[in-house]
Structure formats: structure tokens, C-alpha cells
Amino acid sequence: MVGRKILDGLRKGKKDLYALNVQYCRSEFLKRDDQVLAIRLQQDERLNARKKAAVDMDRARAQAAQEGLPFMEPDPDLDEDEAMNDDDIDNYGSKTIVINVGSQNMRLGLATDALPKTVPMVIAKKAATSEAEDSEPRPKRVKLDKNAPLEEWFGEDFAREYNAMAQDSRTSRRANKRRVLPNSRELVTKWNSTTPPERIPEHSDPLRIDWTELPANPARAPDYIVGKAALRIPEKSKPRYHLSWPIRHGWLNEKDYDNRNMLERDFFLILEESIKTELGLTHKKDWNQYSCVFIVPDLYEKAFVTKVLDELIRDFGFQRICFIQESLAATFGAGYGAACIVDMGAQKTSISCVEDGMIIEESRVNLKYGGYDATETFIKMMLFDRLNYADFNLMRRHDFLLAEELKQGFTTMSDENITVQTYDFHLRASGQETRKYSFKIYDEGMLAPLGYFRPTIFYHADKLVGRHKLIPRSVDLYNGHPNDPISPAQLAVIAYVNQAIPSAVMPAPAKPARLMPTPMASTPSKQRPLGLPAHLNGDKDATPLSSPAASPPAEDAGTPHPTGEDANGDEVGEIKGAQPDTEVMDRTVPIMPLEQAILTSIHHGSGSDERRRREFMGSIMLIGGASKTPNLGPYLEVKLRAAMPQYPKEILVASPPRELDPAMLVWKGGSVFGKLRMTNDSWIGALEYDRLGARILNYKCMWHW
């Protein structure tokens, strides 16, 4: 009947009729999950393990009968568990490498290690000039004249914000019955501007730095140096070395590179050299015996994850790979079932709500500030108060290391001991005498980390420079829409910045500064209602999509309300089916006061469930290197209770349990995840990747890819 209808249609001149093979409709091919390659391979592996266990049992039974010994039948339940174990289970994780990459440091180690190795994410390569010689000094000065007024050093905006923060701090301390001297700032600036440094010969300095030694012949110097040794290369070395950081603000650093291949090569070169030097795996041919757990951000970029998967399998040659998100790894490391994870890194802060081993996708927030911003602002405030080392430049290696040391020693969130106090530090540079500086500080040590709750004090002008200059945004294969994950909470942050912090919104470029995806059609099409495919809306020239399942899900797209509030007065962030404005997102630095960002994440993560909201309020966990600031947790708790007075007892901000290092907790959770045997189906092998490519991530990731 179908064939007769087709023939009749062809006789009448109808060419839009196609023969239908009834066998295709009746077949169940690729209609069941157990027919997918990834699942079939798992089933075959378990079947082979059961066969091997059965053969071993028969052999043991026959040997016992031959020797006349009684044979103890194993427990079927235990036998089933044993049959489902992985093949390489010797020492459970002794051949599993866990990698957690950050903007400033990378932590890696074997899953059986108690603590990871920490490697700075920096590479030094031979160049004509160093990074300090061919770039502006950091913090950026508006005027370099030492005799210029203070307001002109870093611009009027910074001076106004700094003075306002200092005034608010004095008011708060007076309200807390703290003693506040009226002329404290004048005492600091007068002392700092008139006290010269004390010079100490380098051979008389007991704590002198061991700089990286280079060969006397410049031609024999290595082409590149990674990690801690790169930070210890002298500024005036022969030959010169230029330091590059492939990861900045949680993204690949497109600003400082002109070539995508060079950027990716430097990133994987740091990984490769760190594995060889820190883990002792010097022979790359042996890496096919090792598995790798790679920890990715909660709001990741698909192009980055797929590139990491391809490189780790094809170039590094690992036996198998699996991915886990940062906040989920943190709950694994802490042993929490449900928590609101606040991960404060060097250049980004991520917030997510986790429940029952899954991240609530609507709650994910990624803010572009962290410990490095507090370091830069602390140095900026000290220079504003006439620090006698006016040539401070964070682009110089010894100054960068000194700034990190000063931040760790003098920043705090406690206002108990804020008085004018005298301290000193030693400036150690290669080939120069050690200089001992005496300086006074007042409240700079508290105001700098206070920027987490008032991020307008941070410098944001260059955080989006070069965004998508080299690496285009990932788009859907069928409709061309961006398909990188986005959350309602993150869209709420973008809407907040566009309304409240216009200085964090970059001006629109005159020409497109980023690589644009290829348009689907070059001719204009007639307007049609949203949500209907072209072939269902009367467009005969349009080709039907091969699979509607490939379209991005409703929760991964959306546009914030232009006023920042919906019709009910609630904060915006719900994604209602339309695509988010990626051009606005690429120009907006996502920043928000920390307590507001946490409440935004909990609001979208809990929805209308009051029980979940109270549960997340009572299990806020601060992790990451920047969370080590003294008294940060109690201060954040006070701010949250002031913002949510209806929860006076429920709000609790805790540090990681069992005295775990907050900076190592995410890596520790990745090591726990890598040692799971029966419950971990996230491993991606070379065979699966060769056949399916990056599509295998749809089946293997624990979250919606």
C-alpha cells in the first residue's frame, strides 16, 4: 500500500513523498539504553569478569576434589561484588592520577597520596624581554610621579572607594565599642614616606632565596621551565625568560597569547612536566597503565573539556579518564551529603548547592574575583598610604612572591587589633642586597579582603580582554545556539552587574572581537513563532532536524529580565526558553558581594522548598586558598544573618571537617572519587573515545552534559 501510494504520487508529479521502510519502524535498534556502546562495553566487562570468576571457582573446586580436601563454597553476594570489581584494583588508586587545575596553582597526585603536590600554573620560555619589561606595572598607576597627590596615583574612583570603605569601617568599629584614633592615617603616611630601608649584604642574610641556576652558556639553557623553578628565575637572567600563565580567572588565558595552539601547548606542557617531576613518572610509555581523574569547574566550557579529554587520551596515553565537578568533589572530600560549597580560589569564586551527590544546576555561580584580587588591592592600599617601597610591581617575580607573603601575614577580617602598628619585611632580589623595610599599617589588612563583600574596590578592567579571541564559543551542532552551561543564578549575577556596577560592564566593541560561529543560512528568513521548527511552520525549503534531542535543554538558556525583577518582584534568574544574550555576557564581569551571591545560589537551588533552603543555610562550607583569611567565616556568617534576619539560628558557615586544608579539599574529593570501584561508571576508555569522540561525554558524565 505504501509503494502504490508512492507510485501514484510520482505519476501526479508530487516529489515530496518518500518511501517508508516499515522494518525501520518496527526495529528496536538503538532505542534501548543497553544498546549504547558505552553501556554495552560495561556489560561485556562485567560478563567477562563473571566468566573468569566462574572458571576460577571450577578450577579450585576440581583441585580440592583431587586432593581430597573439602571445598568451601563462597557467598554468592560476595562473589557478585568481586565479579564487578575493576581489573586494575591493586591498591585501589595507586595507578590513578588526580589533577585539579587552578588559575594560580595546580594540585596533582596519586589517589592513594595523603596530600597532593602543589605546582604554580606558570611556564617560563626564552624571550628577548621578561614580562616585567614589556608590560605595565601592577597595580596599575594612573601617575608614576611620587610627589603627585594620593588621589592621582590610582585614579579618583579608587580613592573615593577606599576612603568610603575606611569611613564605613571606622563607623562600624565605633558601634562595636572599638577605640578609633582620629589621625591614624596621617601617622601611617608620614612614617612610610620618611623611613628609608636598611641594606643587608646578601651573604649576611640567613633567609636568602635559592634562585634557579642557569648554565653559564646561554645556548645550553633549557627552552622552558615550569612550576616553582620558573618563579625563581632571576629577572636579569641570561638568556631572558618570559613567564606565562595559561589559566586566568578560571579560563584559558586568551589575552596574553596570539595563537591558540601555543596556548593549549603551554597548558598541557605544564601538566606533562609536573607529572614527570612531581610524581616521578618520567617515562611516558608507562602512562598507559594509569587512569586520570580531571576536576573541572561547575560552570565549565565544553571546548576546554573536550580538548582535555582528547589530549589526555591521545597524547598522554592514559588508560582511562573521568571528570568530576569541583563542588561535587568538595562534598566527597568533606563527607557531606548536602551543602552549599563556596570555593574561593586565586582569581575566581564558585558557589554551588550540592544534594545527594549531584550539583543543583540552577544554583551554580562563578564570580571573577579571589585571593589575587585581595593581594593586589592590599598592595595598592599600602602604596596609597605612601609605602616607602614605591616601585612595587607584581609583574616582577620577587615582588609577586613578596606580595603573597605580606597578604598571608597581615590580612584579617577581625577588627580587634586594628591600630597603627609597625612591621617590617625583607626584599630579596637576585644579585642585589637584601633591603629591610619598616612600615606602618592601620586598617589596610582588613579593608583589602573586605573587597569580597564590596568588589567594586577590585580592578576589573582587564579581566575580559581577549575573551573568545582565539577559542570560539561552543555552539549546538543543529541550531547554532551557544550550548555552554549557564544557570539562572549566574544570569541573576549578570543582571545585577548591569544594573548596580556599570564599571564592570565593558563597552561594546565597534567590530566583533570574538570568533563568531558560522551562520546557519545567509539569506533572510521570514519571521516565525519561537519554539517551532522550520519544517513544521510552513517553510518547505527548510530541512528537518535529524534529532530534536540535540537541542539545548530549557534549563540551559534564558535571558534576564531587563529590570532585574520579575512580575512578582522576585530576583530574576529563571530561564524561560529564550537564549541568553551572549554578547552582553561576554562584556560583563560577573561580580557580586559574597553574601548576596551565596543567597542567590541558595534561592535558585532550593526554589520554593523551605526545608532545602534551611538545610543549605545551615551547611555553608568555605573552601579554597582565599578562604584561609583569618576570621572570614565568622564575618561572613554575620553578614548573612544581617541579610536574612528571619533565619537567626539556621545560618552556619563552617570550615572543612577533620582539620583538612581548605585549599586541598577539592583534590581530596577527586582522589576519593577515583578510588570508587563498583559505583563509578564515569570512566572513558580509548576504545569508546575512538568510536564516539566527544559524544561519549553525554553518557559518561555524572551531570547533564
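Start at Asn631. Its relative accessible area is 36%, so Asn631 is partly exposed. (Buried means under 20% relative accessible area, exposed over 50%, and partly exposed in between, with a 1.4 Å probe and protein chains only.) Asn631 is not a glycine, yet its phi is positive, at about 70°. Most residues other than glycine have a negative phi, and most peptide bonds are trans. Look at the neighbouring elements: Asn631 sits in the loop between β18 (620–623) and α18. Helices (H or I, at least four residues) and strands (E, at least two) are DSSP runs, numbered from the N terminus.

Before moving on, note that this is a predicted model, in which local features need pLDDT of at least 70 and side-chain atom pairs count only at pLDDT 80 or more, while totals for chains, interfaces and linings use all residues. Residues are numbered from 1 along each chain as its sequence is written, and side-chain values use heavy atoms, with hydrogens and water left out.

**Stop 1: the α16 and α18 crossing**

Select residues 594–606 for α16 and 632–643 for α18. The two axes come within 9 Å and cross at roughly 60°. (Axes are lines fitted to C-alpha atoms, for helices over the stretch in contact; angles run from 0 to 180 degrees between N-to-C directions.) α16 and α18 are therefore oblique to each other. (Under 35 degrees counts as roughly parallel, over 145 as roughly antiparallel, 65 to 115 as roughly perpendicular, and the rest as oblique.) The crossing of α16 and α18 is right-handed. (Right-handed means that the near helix is turned clockwise from the far one by less than a right angle; anticlockwise is left-handed.)

Now show side chains. On α16, pick Leu594, Glu595, Ile598 and Leu599; on α18 they meet Leu636, Lys639, Leu640 and Ala643. (Contact means heavy atoms within 4.5 Å.) An α-helix has 3.6 residues a turn, so residues three or four places apart point the same way.

**Stop 2: the α8 and α9 pair**

Select 260–278 for α8 and 302–314 for α9. Their axes lie 12 Å apart, at an angle of about 55°. α8 and α9 are therefore oblique to each other. Their crossing is right-handed. Glu264, Phe267 and Phe268 of α8 make the contact with Phe304, Lys307, Val308 and Glu311 of α9.

Then step to Pro297, in the loop between β10 (291–296) and α9. Pro297 counts as buried, at 12% relative accessibility. Which residues does Pro297 touch, not counting those up to four places away in sequence? Gln325 and Glu326. Check Leu328 too: it is 31 residues from Pro297 in sequence, and the C-alpha atoms are 9.9 Å apart.

**Stop 3: helix α12**

Select 397–410. Helix α12 has 14 residues and reaches 20 Å from its first C-alpha to its last, close to the 20 Å expected at 1.5 Å a residue. (The expected span is 1.5 Å times one less than the number of residues.) Is α12 mostly covered or mostly uncovered? Mostly covered: 10 of its 14 residues are buried. Colour them: Arg397, His398, Asp399, Phe400, Leu402, Ala403, Glu404, Leu406, Lys407 and Phe410. Next, show what covers them. The cover includes helices α7 (228–231), α11 (371–384) and α13 (444–447). It also includes strands β7 (241–244), β16 (421–427) and β17 (434–441).

**Stop 4: backbone details in loops**

Go to Arg138 and Pro139. The peptide bond between them is cis, with omega near 0°. Pro139 lies in the loop between β4 (123–126) and α5 (156–175). Another cis bond joins Lys238 and Pro239, with omega about 0°. Find Pro239 in the loop between α7 and β7.

Now Lys177, in the loop between α5 and α6 (184–194). Lys177 has a positive phi of about 65° although it is not a glycine. Lys177 counts as exposed, at 76% relative accessibility.

Finish the loops at Asp356, between β13 (349–355) and β14 (358–359). Asp356 counts as exposed, at 66% relative accessibility. Measure out to Gly337: the two C-alpha atoms are separated by 5.4 Å, with their positions 19 residues apart along the chain.

**Zoom out**

Show the whole protein chain: 21 helices and 20 strands. Of its 705 residues, 48% count as buried. The chain exposes about 35,700 Å², of which carbon and sulfur atoms supply 52%. (Areas come from the Shrake-Rupley method with a 1.4 Å probe; for residues, only the protein chains shown count as cover.) Among contacts between residues at least 6 apart in sequence, 71% join residues at least 24 apart.

Note on methods: Expected span 1.5 Å × (residues − 1).
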